[in-house]
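Open the model in your viewer and set it to cartoon view. We will walk through it one selection at a time.

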Amino acid sequence: MRASRLLSVLLLLQSRGRLTAQELAQELEVSVRTIYRDVESLHTAGIPLYGEAGHKGGYRLLDGFRTRLTGLTGQEAEALFLAGLPGPAAELGLGALAAAAERKIEAALPADLRSSARRLREHLLFDAPGWYYDGDQVPHLPQVADAVWNRRVVTVLYHRWAEPTEVERTLEPYGLVLKAGKWYLVARCDGTLRTYRVSQILSLRVSQETFTRPAGFDLGGYWRDHLADFRTRLVQGHAVIRLSPAGRERLAEVMTSAVTAAVADTAGPPDDRGWVTATVPIESLTHAHGQFLQLGAEVVVLAPPDLRHKLAQTAQALATLYSQI
């Protein structure tokens, strides 16, 4: 641990120039006294490091003491830092390692590439989950990730929507996918590749048994096929709707991209009030009912009759409820 910290001190000074003991302590999350000891150890090891007193003082390396990483273009250097997402790394239990790796890469880059990569990090921030969702609680994620890395068979107690809701499964974990703030495990179970929501794992036991991942398995290709199949299965029917101008403006806020695209493709010319008629895909009566209610009086469902009737019942119930207040 101390050897790693000494290297971190050296790399920070190499990449950032002069730093005070307080700045180094904050960066490495240790005490200032510990930094003093580390600097003394680096001196003893022959590192050309010196300190300057005063308000603008600090520690720095002698000019010329530098390690360079050659062969990287500016775009490649930016891509390395673009891939350093601290949130997912921390959830995987790799936060400290990712930060250390970034420091090493930054210190090894030539000055012009280091400046470009640092500018990218200062100007771009990725926050994948939606506005009203902060991501999954995934206490078992580090264990799952370790099983993926080491190809260990795991036994999980898994919560699902169908009865029975809690089932035990023995899995060969092939890979992890982070989608919209949610972690998914791609694993083989009973000879079939399946996808599991990591947050739905109630308990997990990692065995000593290992498995062989097929040489031709492509995680990215599997996930693309999985998403395409998922989207196909989502569409269970279509609805014919009339939409006001205000409804069209709000459409992208409350509906899926498939519905928005369908309105653009199928809507006829607007009437005198600006309303248009369109045919849109729906997942189910229950889901469509909740979605269309968000548009309030800016949408009228013409078909199917069951959905139209369900919305009318809700509207009547709301009118009755509010008339009693």
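Two strands count as paired here if DSSP finds at least two bridges between them. Keep that in mind for the sheet below, and remember that you are looking at a predicted model.

**The whole chain**

Start with everything shown. The secondary structure of the chain comes to 13 helices and 10 strands. Of its 325 residues, 34% count as buried. Among contacts between residues at least 6 apart in sequence, 61% join residues at least 24 apart.

**Stop 1: helices α2 and α3**

Select residues 21–28 for α2 and 32–44 for α3. Their axes come within 8 Å and cross at roughly 105°. With 65 to 115 degrees counting as roughly perpendicular, the two helices are therefore roughly perpendicular to each other. Now show side chains: α2 brings Ala21, Gln22, Leu24, Ala25 and Leu28 to the contact, and α3 answers with Val32, Ile35 and Tyr36. By class, that contact holds 7 nonpolar residues, 1 polar residue and no charged ones.

**Stop 2: a three-stranded sheet**

Next, select β8 (residues 237–243), together with β9 (276–282) and β10 (299–303). These 3 strands form an open sheet in the order β9-β8-β10, with antiparallel pairing. β9 and β10 are the edge strands, each pairing on one side only. Turn the view a little: neighbouring strands of this sheet are turned by 35° against each other on average, direction ignored.

Zoom in on β8 and β9, which run antiparallel and are joined by 7 bridges. What stands opposite glycine 237 in β9? Look for isoleucine 282.

**Stop 3: helices on the sheet**

Keep the strands visible and add α11, residues 257–266. This helix lies across β8 and β9, running at about 145° to β9. Then add α13, which packs on the sheet and touches β8 and β10. The direction of α13 makes about 140° with that of β10.

**Stop 4: helices α12 and α13**

Finally, leave α13 (residues 305–323) on screen and select α12 (residues 285–293). The pair packs at an angle of about 50°, with the axes 10 Å apart, which makes α12 oblique to α13. Their crossing is right-handed. On the α12 side, pick out Leu285, Ala288, His289, Phe292 and Leu293; on the α13 side, Asp306, Leu307, Lys310, Leu311 and Thr314 make the contact. By class, this contact has 6 nonpolar, 2 polar and 2 charged residues.

Technical notes
Residues are numbered from 1 along each chain as its sequence is written. This is a predicted model: local features need pLDDT of at least 70, side-chain atom pairs count only at pLDDT 80 or more; totals for chains, interfaces and linings use all residues. Side-chain values use heavy atoms; hydrogens and water are left out. Axes are lines fitted to C-alpha atoms, for helices over the stretch in contact, and angles run from 0 to 180 degrees between N-to-C directions. Helices (H or I, at least four residues) and strands (E, at least two) are DSSP runs, numbered from the N terminus. Angles under 35 degrees count as roughly parallel, over 145 as roughly antiparallel, 65 to 115 as roughly perpendicular and the rest as oblique. A crossing is left-handed if the near helix is turned anticlockwise from the far one by less than a right angle, and right-handed if clockwise. Contact means heavy atoms within 4.5 Å. Ala, Val, Leu, Ile, Met, Phe, Trp, Tyr, Cys and Pro count as nonpolar, Asp, Glu, Lys and Arg as charged, and the others, Gly among them, as polar. Buried means under 20% relative accessible area, exposed over 50%, partly exposed in between (1.4 Å probe, protein chains only).
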